[in-house]
Amino acid sequence: MNLTRLRSRIAHRRLIRILGLLAFLYISTNVYFAVTQVEKVLAPTGVIPTTPTRMGMLHEDVAIPLRLGGEKTGKLHAFWIPVENSDAPILLYLHGQDATRGKNLDHADRFHEWGLNVLVIDYRGFAETYGEETPSEAKVYEDAVAALEY
């Protein structure tokens, strides 16, 4: 076997090994995040650090019904923070990870001061339903749609 062919075979084997390693790392990373999505990505919590009342905003605690296939399957907990103008636009405030509807109320207060009605929801698996349900990306989307329809 000539030297050129030998070098070519060695380079080919190295390339195959590198591609195999990259495929393994890619698959492992995806599996890791799929398994730890709730804990690492969504990071649900049961803590509601403050309420609109503590911040001086009039509000109503509301329960938004959830329906699957026409049947009621539960409810979302929310703060409805209205302004005096009944024709004012409504802002649906969806909190991020590691939060509940009471964590970012300073943002809701700012929108409220701008003259917007604000609806702040908690996803299933957060706040009152923490530990009762496991949140997921699909449920977050379903919850946002239910809040929009409400």
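**Salt bridges, a mixed sheet and a nonpolar helix patch**

I start with a pair of side chains: aspartate 143 and arginine 124 meet in a salt bridge, with 2.7 Å from N to O. The two residues come from distant parts of the chain, aspartate 143 from helix H4 and arginine 124 from the loop between S4 and H4, 19 residues apart. Aspartate 143 is buried, and arginine 124 is buried too. Please keep in mind that this is a predicted model.

How many salt bridges does the structure hold? There are four. The general background is familiar: side chains of opposite charge can pair when their charged atoms come close.

Next, arginine 101. Which residues are linked with Arg101 in a network of salt bridges? They are Asp122 and Glu128. I take the two contacts in turn.

The contact with aspartate 122 has its closest N and O atoms 2.5 Å apart. This pair also links distant parts of the chain: arginine 101 sits in the loop between S3 and H3, and aspartate 122 in the loop between S4 and helix H4, which covers 137-149, with the two positions 21 residues apart. Is arginine 101 buried or exposed? Arginine 101 is buried, because its relative accessible area is 5% and the cut-off for buried is under 20%. Aspartate 122, at 2% relative accessibility, also counts as buried.

The other contact is with glutamate 128, whose side chain meets that of arginine 101 in a salt bridge of 2.8 Å, N to O. Glutamate 128 lies in the loop between S4 and H4, and arginine 101 in the loop between S3 and H3, so this pair ties together parts that are 27 residues apart in sequence. Glutamate 128 has a relative accessibility of 37% and therefore counts as partly exposed.

While we are in the loop between S4 and H4, look at alanine 127, which is found there. Alanine 127 is not a glycine, yet it has a positive phi of about 55°. At 8% relative accessibility, alanine 127 counts as buried.

Now the sheet. In what order do the four strands stand? The order is S1-S2-S4-S3, in an open sheet with mixed pairing. Why is one side of S1 and of S3 left without a neighbour in the sheet? Strand S1, residues 60-68, and S3 stand at the edges, and each has a single partner strand, so one side of each has no neighbour there. From one strand to the next, the twist averages 35°.

I go through the pairings from the S1 edge. S1 and strand S2, residues 71-81, run antiparallel and are joined by nine bridges. In that pairing, proline 65 stands opposite lysine 75 in S2. S2 and S4 are antiparallel as well, with four bridges joining them. Here alanine 78 has isoleucine 121 in S4 as its bridge partner.

The remaining pairing is S3, residues 90-94, with S4, residues 117-121, and it is parallel, over five bridges. Between these two strands the chain passes through helix H3, residues 105-113, and the resulting β-α-β crossover is right-handed. Two positions to look at: leucine 91 stands opposite valine 118 in S4, and leucine 94 stands opposite isoleucine 121 in S4. Isoleucine 121 thus appears opposite leucine 94 and also as the bridge partner of alanine 78.

Last, helix H1. This helix covers residues 3-35 and includes phenylalanine 24. Phenylalanine 24 takes part in a nonpolar surface patch of about 700 Å², together with Leu15, Ile18, Leu19, Leu21, Leu22 and Leu25. Is phenylalanine 24 buried or exposed? Phenylalanine 24 is exposed, because its relative accessible area is 53% and the cut-off for exposed is over 50%.

Isoleucine 10 has its place in helix H1 too. With 39% relative accessibility, isoleucine 10 counts as partly exposed. How far apart are isoleucine 10 and proline 82? In sequence they are 72 residues apart, and in space 71 Å, C-alpha to C-alpha.

To recap: a network of salt bridges links Arg101, Asp122 and Glu128, the four strands form an open sheet of mixed pairing, and a nonpolar surface patch of about 700 Å² includes Phe24.

Notes. Residues numbered from 1 in each chain as written. Predicted model: local features only at pLDDT ≥ 70, side-chain atom pairs only at ≥ 80, totals over all residues. Heavy atoms only, no water. Patch = residues over 30% accessible without salt bridge, like charges linked within 9 Å, V, L, I, M, F, W, Y side chains within 5 Å. Areas by Shrake-Rupley, 256 points an atom, 1.4 Å probe, with all protein chains shown as cover. Buried < 20%, exposed > 50% of the residue type's maximum accessible area, 1.4 Å probe, protein only. Pairing = 2+ DSSP bridges. Right-handed = clockwise from strand over helix to strand, strands pointing away. Axes fitted to C-alpha atoms, helices over the stretch in contact; angles between N-to-C directions.
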